[in-house]
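Colleague: Please take one part of this model and look at it closely, then work outward from there to the rest of the chain. I would like a single connected account in which each step rests on the geometry.

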Amino acid sequence: MITTGQSIRCKAAVAWEAGKPLVMEEVEVAPPQKHEVRIKILFTSLCHTDVYFWEAKGQTPLFPRIFGHEAGGIVESVGEGVTDLQPGDHVLPIFTGECGDCPHCHSEESNMCDLLRINTERGGMIHDGESRFSINGKPIHHFLGTSTFSEYTVVHSGQVAKINPDAPLDKVCIVSCGLSTGLGATLNVAKPKKGQSVAIFGLGAVGLAAAEGARIAGASRIIGVDLNSQRFDQAKEFGVTEFVNPRDHDKPVQQVIAEMTNGGVDRSVECTGSVQAMIQAFECVHDGWGVAVLVGVPSKDDAFKTHPMNFLNERTLKGTFFGNYKPKTDIPGVVEKYMNKELELEKFITHTVPFSEINKAFDYMLKGESIRCIITMGA
């Protein structure tokens, strides 16, 4: 059946209220407009960011809404002006974008596109501000410009990475957010040299991806720091060699790590969002050459406080967004790392559920039982 230029009716998991189970609904998905593509989603996964905005804690609630932003699918149709994608392409929709025209996109040092960088409060498409989803004529809000908890979705073409069609979408779909964020924080920003030591603060999905990056880089010691000691055994699979639970010590954790490493680690990556952990991650790196990278998103009223001598003693503090990867340019290469067996993805995937049971994925994450749960569409 030819669907190009026509609306498509399909199933979507709609969040009608904050914190309430998603409801499977039949939605109407409009055709893509200028610079947009419509994608048939085959696999999606649940990220903690989806849960955070579904709970509506600390931000402006926007409901009804279709969440989801880690996914893999196939382009069904393209809108006016789209020349780099065509129906049949295998793609990953990305929560941030690359317009190709702004100063950030022209810079080799930035991936923070002026037009398409993450916007959690936008519920429509950039082209006209309107939603492409509706139920009985009532608009349903988008999420991060992706809304992958729908069998079909519409995404700006600048937020779509075309990937190797041989790559298994049920595995590489996780590359589109958390995995790349942690991996890139280590490989692209911290840049540990072979044989150096790395401390990872927070051993959730992003932290484990950061540890994976340290393993790939050839770090000799990878020290995992987490308040949940139950995460330690699992983290060994991702290259973590030593563990520190701050609750087990009566001195600041940065001092503990400095004593373990003869003055501090060479690199640290913070993946918690706790401003206290951010300070600890910075203060635990070695003077003279240590580099700390902040990944976690702090609360809006947090303030980072450290003594200026920590900078004057030649420690470096950096921040990163999406691992400094440009979505369209760089993400296909991350997929190729997996295809070339340089990157392991299977160990991040702890659960799989059919789309009809998507709420189970939320349960697994809320209980801390999953790293990534793959949701199989059409099932």
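**A close look at helix H1 and its surroundings**

Modeller: In H1, the residues Asp-50, Val-51, Phe-53 and Trp-54 are buried, and what follows should be read with the reminder that this is a predicted model. The cover over the buried residues of H1 includes strand S3, which spans 36-45, together with H11. H11 is the helix made of residues 358-366, and its axis and that of H1 are 11 Å apart, packing at an angle of about 100°. Because angles of 65 to 115 degrees count as roughly perpendicular, H1 is described as roughly perpendicular to H11. The residues that meet across this pair are His-48, Val-51, Trp-54 and Glu-55 on the side of H1, and Phe-362, Met-365 and Leu-366 on the side of H11. Val-51 and Trp-54 therefore appear both among the buried residues of H1 and among those that meet H11, given that buried here means under 20% relative accessible area.

The backbone just beyond the helix also deserves attention. Directly after H1, Ala-56 takes a positive phi of about 60°, and the loop from H1 (48-55) to strand S4 (70-78) holds Pro-64. The peptide bond between Phe-63 and Pro-64 is cis, with omega about -5°. As background for both features, most residues other than glycine have a negative phi, and most peptide bonds are trans.

Following the chain past S4 brings us to Asp-89, in the loop that leads from S4 to strand S5 (90-93). Its relative accessibility is 9%, so Asp-89 counts as buried. The side chain of Asp-89 reaches the backbone nitrogen of Gln-86 at 2.8 Å. With neighbours up to four places away in sequence set aside, the contacts of Asp-89 are Gly-73, Ile-74, Val-75, Asp-84 and Lys-162.

On the scale of the whole chain, the domain assignment places residues 8-176 together with 345-376 in domain 1, and residues 181-320 in domain 2. The C-alpha centres of the two domains are 30 Å apart, and direct contact between them involves 5 residues of domain 1 and 8 residues of domain 2. The largest nonpolar core has 97 residues, and those touching the most other members are Leu-92, Phe-149, Val-172, Val-175, Leu-179 and Ile-331. Helix H5, residues 205-217, gives the most to this core, with 6 residues. Since domain 1 and domain 2 both give residues to the core, it lies between them. Apart from this core there is another, of 15 residues, including Ile-223, Val-244, Val-253 and Cys-284. Within the largest core, Ile-331 can serve as an example: with residues up to four places away not counted, Ile-331 touches Leu-92, Ile-94, Ala-161, Val-175, Ser-180, Phe-322, Tyr-325 and Lys-326.

Val-253, named above in the core of 15 residues, is also a contact of Gln-280, whose other contacts, with neighbours within four places left aside, are Phe-201 and Gln-254. Gln-280 sits in helix H8, residues 275-283, and counts as buried at 13% relative accessibility.

The stretch that ends domain 2 and leads onward has its own local detail. Thr-320 lies in the loop joining strand S15 (316-319) to helix H10 (327-339), and with a relative accessible area of 15% Thr-320 is buried. The C-alpha atom of Thr-320 is 8.3 Å from that of Thr-181, although 139 residues separate the two along the chain. Leaving aside neighbours within four places in sequence, Thr-320 touches Ala-185, Val-189, Val-293, Leu-294 and Val-295. The side chain of Thr-320 also makes a polar contact of 2.8 Å with the side chain of Asn-324, a residue found in that loop between S15 and H10. Asn-324 has a positive phi of about 60° without being a glycine, and at 28% relative accessibility it counts as partly exposed. Beyond H10, in the loop that runs to strand S16 (349-354), comes Lys-341, another residue other than glycine with a positive phi, near 65°. Lys-341 has 73% relative accessibility and therefore counts as exposed. Further along comes H11, with residues 358-366, which returns us to the helix that helps to cover the buried residues of H1.

Definitions and conventions. Residues numbered from 1 in each chain as written. Predicted model: local features only at pLDDT ≥ 70, side-chain atom pairs only at ≥ 80, totals over all residues. Heavy atoms only, no water. Core = buried A, V, L, I, M, F, W, Y, C linked by side-chain atoms within 4.5 Å. Buried < 20%, exposed > 50% of the residue type's maximum accessible area, 1.4 Å probe, protein only. Helix = DSSP H or I, 4+ residues; strand = E, 2+ residues; numbered from the N terminus. Domains from an automatic or database assignment. Contact = heavy atoms within 4.5 Å. Polar contact = N/O pair within 3.5 Å; in protein donor to acceptor, adjacent residues only side chain to side chain. Axes fitted to C-alpha atoms, helices over the stretch in contact; angles between N-to-C directions. Parallel < 35°, antiparallel > 145°, perpendicular 65-115°, else oblique.
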